[in-house]
Amino acid sequence: MGHQHFNGLKTAALFGALWAVLLGIGWLLGGGTPKYLLIFAGLGLVMTAYSYWNSDKIAIRAMRARPVSEIEQPAMYRIVRELSTQARQPMPRLYVSPTAAPNAFATGRNPQNAAVCCTEGILHLLDERELRGVLGHELMHVYNRDILTSSVAAAVAGIITSLAQFALFFGGGSDRDRGGNPLAGLLLAFLAPLAATLIQLAISRTREYDADEDGARLTGDPLALASALRKLESGTRARPLPQDRELVDVSHLMIANPFSGQGLAKMFATHPPMAERIARLERQAGTTGGITRY
């Protein structure tokens, strides 16, 4: 379901680079032994499967969210029911997180096992039209299978970081046996995680642009999402989430970067610049005459 994007090719290329880094570490640590490539590839697949299968539980738990009934959140139910019916997809489970920081995310391994969560902050900040724009964006993450994409990227990047730390403390087999260059071990330990992080962030940013465009097409109202993003930009800056490990691990799922950050921190943000996202939505509204239908 979802629109076709050249960004899909970019994502495939980025995944290729991420796996190349992982297998390159395996080759170096194994001293060029092919069996280590198979071991690290298998480890990557196992960790990816675990992360993907449990993605909804991990994110919901990190945000301390609870399921809500239609009586408690009638507008949220009405919007999601309408959009999922329009997209011919099952109704996801709905959650609310008891935090004042305005944000929302979707998770789940497929449309049949999806969950959408809003914070109390975003429900108070946005009007119903803007909330509809946000929920359309989140639903498209599920329909575009972005949860799988982000799960794979996060799992492989995590493995690369762990292996690089192992190399730093214990050294690769070839270097240890042949008295290799310790500088190479240091470069491996620091540059490999950096490369993995940057590739993971590039994947996340690419999928955000796609969800913005597809969500706006689903709701038929690009300017509603643009308006919501403006509010979220100032709202998340005023009420950032604490950067503890659980929240950092799920931050890429959220519609807006939940953390404050300036300077170099922006380079490592999980989301593209809000101004660029808004500009793209405004251009989309201009080419479609504002209100369109999916």
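Buried means under 20% relative accessible area, exposed over 50%, and partly exposed in between (1.4 Å probe, protein chains only). The model is predicted: local features need pLDDT of at least 70, side-chain atom pairs count only at pLDDT 80 or more, and totals for chains, interfaces and linings use all residues. Residues are numbered from 1 along each chain as its sequence is written, and side-chain values use heavy atoms, with hydrogens and water left out.

**Exercise 1. Classify E276 and R280, then describe how their side chains meet.**

Step 1. E276 has a relative accessible area of 29%, so E276 is partly exposed. R280, at 36%, is partly exposed too.

Step 2. Their side chains form a salt bridge, 3.1 Å from N to O. The term requires a side-chain nitrogen of Lys or Arg within 4 Å of a carboxyl oxygen of Asp or Glu.

Step 3. Both residues sit in helix α13, 4 residues apart, about one turn of the helix. Helices (H or I, at least four residues) are DSSP runs, numbered from the N terminus. An α-helix has 3.6 residues a turn, so residues three or four places apart point the same way.

**Exercise 2. Find what the D221 and R129 pair ties together.**

Step 1. The two side chains meet in a salt bridge of 2.5 Å, N to O.

Step 2. D221 is in the loop between α9 (182–219) and α10 (222–238), and R129 is in helix α6, so the pair ties together parts 92 residues apart in sequence.

Step 3. Check accessibility. D221 is buried at 10%, while R129 is partly exposed at 45%.

**Exercise 3. Test the length of α6 and describe its surroundings.**

Step 1. The expected span is 1.5 Å times one less than the number of residues. For the 16 residues of α6 this should give 22 Å; the end C-alpha atoms are 22 Å apart, so the two agree.

Step 2. Count the cover: 14 of the 16 residues of α6 are buried.

Step 3. Look at the N-terminal end. D127 caps α6 there, with a side-chain oxygen 3.2 Å from the backbone nitrogen of R129.

**Exercise 4. Place V134 in the largest nonpolar core.**

Step 1. A nonpolar core is a set of buried Ala, Val, Leu, Ile, Met, Phe, Trp, Tyr and Cys residues joined through side-chain atoms within 4.5 Å.

Step 2. The largest one has 36 residues; V134 is among those that touch the most other members. Helix α6 (residues 128–143) gives the largest share, 7 residues.

Step 3. Leave aside neighbours within four places in sequence. V134 then has contacts (heavy atoms within 4.5 Å) that include I122, L225 and I255.

How values were computed. Helices (H or I, at least four residues) and strands (E, at least two) are DSSP runs, numbered from the N terminus. A polar contact is a pair of N or O atoms within 3.5 Å; within protein, one must be able to donate a hydrogen and the other to accept it, and residues adjacent in sequence count only if both atoms are side-chain atoms.
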